[in-house]
Amino acid sequence: MWAWTILILGVTVLLGCGPPPEPILIGFVGGTSGRVADLGIAGRDAVLLAVELRNRTGGVAGRKVKLLIKDDEQNPEVAQRAVRELIDRGVVAIVGPMTSAMAIAVVPIADEAKVLLMSPTVSTDDLNGRDDYFFRVVDSTLDNATRAARYHLSESSLRRLAAVYDLRNKSYTESWLNNFRATYVQGGGEVVEALGFESGGETAFLQLAQDLLAAPADGVLIVANSMDTALLCQQIRKLDRSIPIITSEWAATERLIELGGKAVEGMIVAQNFDRNSTEPRYRAFYQAYRDRFHREPGFGGVLAFEAANVVLDALAQRQEGQTVKEAVLAARRFEGLQEPIVFDEFGDVTRSLFITVVRDGRFVVVQ
């Protein structure tokens with residue numbers, strides 16, 4: 001009798017020790033190769049860190065989280081294929097993409113599949129105020145460019161700018177430039193030249209610099225990625241050592257300073273976070289990222305870590321039957337690294353803006 005009881009108890013214990021539950025799948029898509037790889041790699045690694053930290057504390061509702069990573073190569077067709085593959089694998093949400101051009105290409109696919117895209121860095125106005133499956137943790141170009149223009153109108157003597165922008169990411173660069181120009185002109189400034197160029201290995205930066213400096217301007221505005229901005233600045237400084245140069249937040253990665261060196265000293269750029277913040281959550285992330293990857297996270301890493309944690313927190317909070325999108329909208333407010341992230345009904349946010357200058361090889365906040 002006792003033997004049967006022990007046997008039954010043993011079988012019950014064995015049955016209760018079945019295989020662990022299947023992991024929750026989330027995806028990441030971003031450009032981890034090519035000219036904007038610094039942004040994509042920082043984003044990818046920050047999302048990986050967020051997942052690792054979450055799994056150390058038990059995952060989400062007792063389930064581990066598994067991250068599936070795709071490189072979109074900054075190619076719309078590759079990005080579309082990557083998003084479809086992630087959806088076919090069963091991801092519940094995707095962190096990314098990292099650039100506006102790729103977002104324009106993949107949002108219709110996410111909408112059709114009803115899978116949330118949570119972008120760290122896409123700011124194009126083309127996706128503002130839409131009831132879709134695209135959310136982001138960064139301001140739109142309308143907000144950032146407008147506030148940057150106001151700063152230059154109030155704090156500098158620049159009134160005539162020659163501008164250059166990357167045609168391969170037009171949904172961001174053209175939008176940013178148009179918003180900046182509208183506010184700048186209204187305040188008495190003028191964009192006397194606006195030159196588009198195709199980012200790539202064949203770009204003639206010396207000729208581009210010559211064309212910019214031929215315009216009757218007292219400053220140069222560059223709206224491009226970090227590599228192209230750095231290379232163009234080097235050519236500009238060969239021709240003019242003192243003309244002021246300003247740029248958009250897209251260029252403001254550590255790679256800008258690494259490649260640009262002395263040529264980018266004094267450059268002014270607006271950004272949505274403060275590298276020197278003393279907020280405990282930011283300092284803890286910063287140290288964890290440095291310990292894990294042995295380099296600076298930059299704005300791509302900071303925003304991607306926040307985007308990943310919004311997704312993870314929404315998964316932890318969602319009620320039975322809710323989609324991830326519905327869970328985000330139900331909560332609306334999430335803890336960021338330096339300030340709360342508050343979504344409106346369309347998945348858009350407003351963040352603080354910091355005006356920085358490159359000084360002694362560092363981004364220094366001036367306002």
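Let me start with one pair of residues, since Leu161 stands opposite Val191 in E7, and that pair leads us into a sheet of this predicted model. Leu161 and Val191 mark a place where two strands meet: strand E6, residues 160-166, pairs with E7 in the parallel sense over 7 bridges. As a reminder, strands of a sheet pair through backbone hydrogen bonds, either parallel or antiparallel.

Stepping back to the whole sheet, we have 7 strands in an open arrangement, ordered E7-E6-E8-E9-E10-E13-E14, with mixed pairing. The edges are taken by strand E7 (190-197) and strand E14 (362-365), each of which has a single partner strand, so one side of each is left without a neighbour in the sheet. From one strand to the next, the twist averages 25°.

Further along the order, E9 and E10 pair in the parallel sense over 2 bridges, and there Thr247 stands opposite Val269 in E10. Strand E10 is covered on both faces, with Ile268 and Ala270 buried on one side and Val269 and Gln271 buried on the other.

Two helices lie across this sheet. Helix H7, residues 205-214, lies across E6, E7 and strand E8 (219-223), and runs at about 165° to E7. Helix H8 lies across E6, E7, E8 and strand E9 (245-247), and runs at about 160° to E8.

Helix H8, which spans residues 226-239, also holds Asp228. Is Asp228 buried or exposed? At 1% relative accessibility Asp228 counts as buried, because the cut-off for that class is under 20%. The side chain of Asp228 makes a polar contact of 2.5 Å with the side chain of Ser199, and, leaving aside residues up to four places away in sequence, Asp228 touches Arg35, Phe197, Ser199 and Phe205.

A second charged residue to look at is Arg275, which is found in the loop between strand E10 (268-271) and helix H10 (280-293). Arg275 is buried as well, with a relative accessible area of 13%. Which side chains does the side chain of Arg275 reach through polar contacts? One is that of Glu254, at 2.6 Å, and another is that of Gln271, at 2.5 Å, where Gln271 is one of the buried residues of E10 that I mentioned a moment ago. Apart from residues up to four places away in sequence, Arg275 touches Ala252, Thr253, Glu254, Tyr282, Arg283, Gly298, Phe299 and Phe363.

Let me turn to the other sheet, in which 5 strands form an open arrangement in the order E2-E1-E3-E4-E5, with parallel pairing. Strand E2 (65-71) and strand E5 (134-136) are the edge strands, each pairing on one side only, and neighbouring strands here are turned by 25° against each other on average, direction ignored. Strand E1, residues 24-30, runs parallel to E2 and is joined to it by 7 bridges, and the bridge partner of Phe28 in E2 is Ile69.

Helix H11 packs on this sheet, where it touches E1, E2, strand E3 (93-95) and strand E4 (116-119), and the direction of H11 makes about 165° with that of E3. Helix H11 (residues 298-317) also meets helix H12 (residues 324-331), with axes that come within 9 Å and cross at roughly 90°; H11 and H12 are therefore roughly perpendicular to each other. Val310, Ala314, Leu315 and Gln317 of H11 make this contact with Val324, Ala327, Val328 and Ala331 of H12, and by class it has 7 nonpolar, 1 polar and no charged residues.

I will finish with the backbone. Most residues other than glycine have a negative phi, and most peptide bonds are trans. Against that background, a cis peptide bond joins Gly96 and Pro97, with omega about -5°, and Pro97 is found in the loop between E3 and helix H4 (100-113). Lys114, in the loop between H4 and E4, has a positive phi near 60°, and this residue is exposed, with a relative accessible area of 54%. Asp360 has a positive phi of about 55° although it is not a glycine; its place is in the loop between strand E13 (354-359) and E14, and at 67% relative accessibility Asp360 counts as exposed.

Key. Residues numbered from 1 in each chain as written. Predicted model: local features only at pLDDT ≥ 70, side-chain atom pairs only at ≥ 80, totals over all residues. Heavy atoms only, no water. Axes fitted to C-alpha atoms, helices over the stretch in contact; angles between N-to-C directions. Helix = DSSP H or I, 4+ residues; strand = E, 2+ residues; numbered from the N terminus. Parallel < 35°, antiparallel > 145°, perpendicular 65-115°, else oblique. Contact = heavy atoms within 4.5 Å. Nonpolar A, V, L, I, M, F, W, Y, C, P; charged D, E, K, R; others polar. Buried < 20%, exposed > 50% of the residue type's maximum accessible area, 1.4 Å probe, protein only. Polar contact = N/O pair within 3.5 Å; in protein donor to acceptor, adjacent residues only side chain to side chain. Pairing = 2+ DSSP bridges.
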